[in-house]
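Biologist: Hey, could you walk me through this model? I'm new to this, so plain words please.

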Amino acid sequence: MAKAKSGAVDAIGGYTITRRETLERLDGAYLELEHQTTGARHIHIETPDDNNGFAVFFPTPPTDSTGVAHILEHVVLAGSQRFPVRDPFFSMTRRSLATFMNALTGSDWTMYLFSTRNAKDFKNLLDVYLDATFFPKLSEDSFKQEGIRFEFEDPADPNSGLRYKGVVFNEMKGALATPGAAVDRAVGKALFPGLPYAYVSGGDPQDIPNLTWDHLKQFHARHYHPSNAHFYTYGDQSLERTLETVERSALSRFQRIEVDSSIPDVKRFVQPTTAIEPYPAVAGEDNEPRAEALTAWVTVPSADSFRALAMKVLSEVLLSNAGSPLRKALIDSGLGSALADGSGFHDDYKEAVFGAGLKGVAAEDAEKVQQVVLETLEHVADRGVDASQVDAAIHHLEFEKRERSNAGLPYALRILFASMPAYLYGGDPLSSMDFDADLEHLEQARAEGRFFENLIRAELLDNQHRALLTVVPDTKLEERQRQAELDRLAAVESKLSGQDKKKIVEDALRLKADQEAKQDLEALPTLELTDIPMKFEDVPSRDVNVRRATVEFYPQPTNGITYLDLRTDFSALSTEQMDLLPLFSRALTQSGAAGQDYVQIAARIAAHTGGVGAAAQVQSLAANDDYLQSFVVSGRALDRNAQPFIELLTDLVARLEVEPRRLKEVIAEISTRLETSIAGLGFQFALLRAHSKLSSEGAINDRLQGIGMLHTMRGLARLAEKDLGPVIARLDEIRKVLFRSGALRIIVTCEEAMIQPLEELLTELVGALPPDGEHVAPAKVAPLETAPEARTAPVPVAFNVRIFKTVRFVHPDAPALLVLANYLRDTFLHRELREKGGAYGGYAQAGVASGTFYFGSYRDPNITRTYDVFDQAVKWVTDHEIDPENLKEAILGACGDVDPLESPDIKGRREATNRATGFTREARERFKQRLLKVSADDLRRVTHSYFMAAPAVQTTVAGADLIEEARRERPELFQVVAPL
């Protein structure tokens, strides 16, 4: 970026513009402002993008593990001065067309952020967020509901046993049950002793009960002040109008104060240290090594954009792909099977951390893992860093900078997170988000010689502030923690007087009554149905026949990037071959091809693309009770790299070479990552298994992504390298069935000028493939048994799912089912499952594409109670009056569901899928028109039709103790109980 000279100091309202720079790549400008009275800081990105973003965040470094910042984040969003309703945040989710809306707690900050394409919506959300953050009610009941409280097992019976309740309390039980969470704890405690990072900012369930309401209020008063606030805005909304609202609604009521949220630099070690951290594991599992070993250093200041960029590049060089020297050395050592959690560069601390290690190791081999790390770094520093790998890492950074994608997170907010370390810790945010000057500096330093070699020595080899962290499975940890909690409660209960017990009962009943009371939402701003855009954007396309394949071009302003999908039908595969598709997906992009080994292929992917991936996709049809079985190879590249990009794809699909040793490594890595992610995949596994009991479509998805896939990978992981020959032969059979020229459908989203050169390049790709073979009738996987099922997992919470068969997208009842899902979630399930039950999430979801409808709960302390709530939810609709305002909000939310935020990279791919599956523009607009006409009678009618008489299926994934307790309470609840 060619920076304009900083503009002269200017003012807007009560703000001083301290810096203004041209942002050419965004066709706009970067502004830094300071509020004259309070000192509040503000960054604004002026750009033509109509998806406007807003954020306000506060440095909130913790001094203990009570989770005060995290619980405060929840309580802040539970009512404020102007909007004194019980949950304005969740109420606004159904009164808005926001493209993103959330609040986040980091290790030393708390952020409130949203984005929306609707100007009225932006104003509404801005008003609510400002009042929530600066003028919250902070009621004691909200603290008890969201954070922690005492309550008896039966809230009205003081003899039923004292328990801890609270949304965050239960959330963190689930969040801390993973090996990755144990790694984070170990990094914080070992590398930052005495600093905020040594604590669990989200809250440790063992420490959360120590938090008091008074401490929470004091924390808010100390940290949530404009003098400690950082604001961010992005988009085409008037900055003057936004600043005027911020001034009028919040900042004008404050004076500048001194807020010390600083974090001192860590006192550097004179010699390295070690630490061991346990994580919960299930007893009776196989004896495969399940520890993780990570060597981690504190390195450069995160606010130093140049040094941080240099470390990011170095991390990419060392670890980013299968051919990276440190990653390859670790995997080749045979000590473990996948990179450890925490590997890579992390700038979410004031001083950034670099880590490298392995998971799937024996705990006693941790020191050996560290030796591999240190010896490899020594070797690279001595022999020199491969210049081509540095070029590939820089290419990756350039690609990320150029791409304006809304995939995953709106681009409006991606820009914020790119600048976050510098903004928070006192650096230059512009240099972090738009790093041309730093990159030029880096290239100069490289030219002078041995820059990265010297960086390895300075920040890693000669840096004594290092820790060897070993994370070990502990099959008794969960039981010890559960028993410690019960013992602590018993000790408290033994000291309770009759009056104390009476107060706990009264508080619980008062909280329950408040949760059930009808809220007056009149104070909250809202959109009207007339504010909803009814038309969908046209996505132009151009179809071309390239030899025997079909190519669909979708010209879009992609900023010089080509997005390409190779799609083919996998229905001709046998069931056994389908089970191997998850492995084939990974092997396709992580093996050798065309006479090159996997290291050389990885280098080509890094040097010439923004990434290449593959996956099997099951795509529902809009009108028929059927689905497409698509295998998709997706890639993206800068336009200048189109030729090497397509040559690479050609080699992968036409000339793949899978070697036994490499396949063994790929299998081990997939299997290890799955096993260490089980605590975080509980809801996905429960949901997919429940779907598998309803339909063939669900059964295939379970085999590709769910419990079926998990078991397939476990079986493959048990094979020795010498036994992989038949598997390799089957993988090659799969490739030959999938990649035939006549079966290929190529989807290209690119700039108009790239269509002709890409057509010529794709001719070579198609020509390298054989023609169609003999047609085989598509195979249909049968649904699983409908018996209610429970799967045990090493988590102290439950994931519960109940699912029904309904109708597809074009059916007249589908819009009513989508509205019903929003209505039930917002008016009933949120209150019953989250507010009363303490689950982190309570869901109703209409699968209008797949013809399904499910109820679900996430990180839930209950099982039988939750299934009772699912029963009550149906009766809630049929037996109670349907509130017109809540119905309107449910329709608003449904309209947002069917009109998601898109960017050029998404539009072509989505339009291609819509064309193939029948989700035409006309069908979608007709669906949206029907949404506006959904009535209370429609909700009652579809509830009777699809939930009252039709059978449902259900699946729970939970800790063994929770499942056993549920079976004692209700023996018939599950017919199948087995380990995950």
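Modeller: Sure, we'll go through rings, strands, a helix, cysteines and a couple of loops. Keep in mind that this is a predicted model.

Biologist: Okay, rings to start with. How many aromatic pairs are there?

Modeller: The count comes to 40 aromatic pairs. Take Phe631 and Phe739: their ring centres are 6.2 Å apart and their planes sit at 80 degrees, so this pair is edge-to-face.

Biologist: Where do Phe631 and Phe739 lie?

Modeller: Phe631 is in strand β22, residues 627-638, while Phe739 is in the loop between α27 (725-738) and β24 (745-750). They are 108 residues apart in sequence, so the pair ties together parts that are far from each other along the chain. Both Phe631 and Phe739 are buried.

Biologist: Got a stacked one to show me?

Modeller: Yep, Phe809 and Phe927 are stacked, with 4.4 Å centre to centre and 10 degrees between the planes. This pair links distant parts of the chain too, with the two positions 118 residues apart in numbering. Phe809 sits in the loop between β26 (798-805) and α29 (814-836), and Phe927 is in helix α33, residues 921-932.

Biologist: And are Phe809 and Phe927 buried or exposed?

Modeller: Phe809 has a relative accessible area of 6%, so it is buried. Phe927 comes out at 2%, so it counts as buried as well.

Biologist: What about charges and rings? Which ring does Arg253 lie over?

Modeller: Arg253 lies over the face of Phe135, 3.8 Å from the ring centre. There's also Lys401, whose charged end sits over the ring of Phe435 at 5.4 Å from its centre.

Biologist: You mentioned α29. Where is the kink in it centred?

Modeller: On Leu829, where α29 has a kink of about 55 degrees. As for its surroundings, 22 of the 23 residues of α29 are buried, so the helix is largely enclosed by the rest of the structure. After α29 comes Gly838, which has a positive phi near 85 degrees.

Biologist: Switching to strands. How many residues of β7 are buried?

Modeller: Eight of the eight residues of β7, residues 109-116, are buried, which leaves the strand mostly covered.

Biologist: Which side chains point which way from β7?

Modeller: Here's the background: in a regular strand the side chains alternate between the two faces of the sheet. In β7, Trp109, Met111, Leu113 and Ser115 point one way. Thr110, Tyr112, Phe114 and Thr116 point the other way, and all of these residues are buried.

Biologist: Who does β7 pair with?

Modeller: One partner is β5, residues 52-59, which runs antiparallel to β7 and is joined to it by eight bridges. In that pairing, Ala55 has Leu113 as its bridge partner. Strand β6, residues 100-105, also pairs with β7 in the antiparallel sense, over six bridges. There, Leu104 has Met111 as its bridge partner. β6 and β7 make a hairpin, with three residues between them.

Biologist: Cool. What's the order of the strands in the open sheet with six strands?

Modeller: The order is β27-β28-β26-β29-β25-β30, and the pairing is mixed. The edge strands are β27 (841-847) and β30 (976-979), each of which pairs on one side only. From one strand to the next, the twist averages 15 degrees.

Biologist: How many bridges join β26 to β28?

Modeller: Seven, and those two strands run antiparallel, with β28 covering residues 852-860. One of the facing residues is Ala798, which stands opposite Asp860 in β28.

Biologist: New topic: how many disulfides does the search find?

Modeller: Zero in the whole structure. For reference, a disulfide is a covalent bond between the sulfur atoms of two cysteines. Two cysteines you can look up here are Cys750, buried with a relative accessible area of 0%, and Cys895, buried at 2%.

Biologist: Last one, any odd backbone angles in the loops?

Modeller: Try Leu138, which is not a glycine but has a positive phi of about 50 degrees. Leu138 is in the loop between α3 (119-134) and α4 (140-146), and it is buried, with 8% relative accessible area. Asn559 is not a glycine either, and its phi is positive at about 60 degrees. You'll find Asn559 in the loop between β18 (549-555) and β19 (561-569), where it is partly exposed at 29%.

Notes. Residues numbered from 1 in each chain as written. Predicted model: local features only at pLDDT ≥ 70, side-chain atom pairs only at ≥ 80, totals over all residues. Heavy atoms only, no water. Phe/Tyr/Trp six-rings, centres within 6.5 Å; stacked < 30°, edge-to-face > 60°. Helix = DSSP H or I, 4+ residues; strand = E, 2+ residues; numbered from the N terminus. Buried < 20%, exposed > 50% of the residue type's maximum accessible area, 1.4 Å probe, protein only. Lys NZ or Arg CZ within 6 Å of the ring centre and 35° of its normal. Bend = angle between axes of the 7 residues up to and from the residue. Pairing = 2+ DSSP bridges. Axes fitted to C-alpha atoms, helices over the stretch in contact; angles between N-to-C directions. Disulfide = S-S within 2.5 Å.
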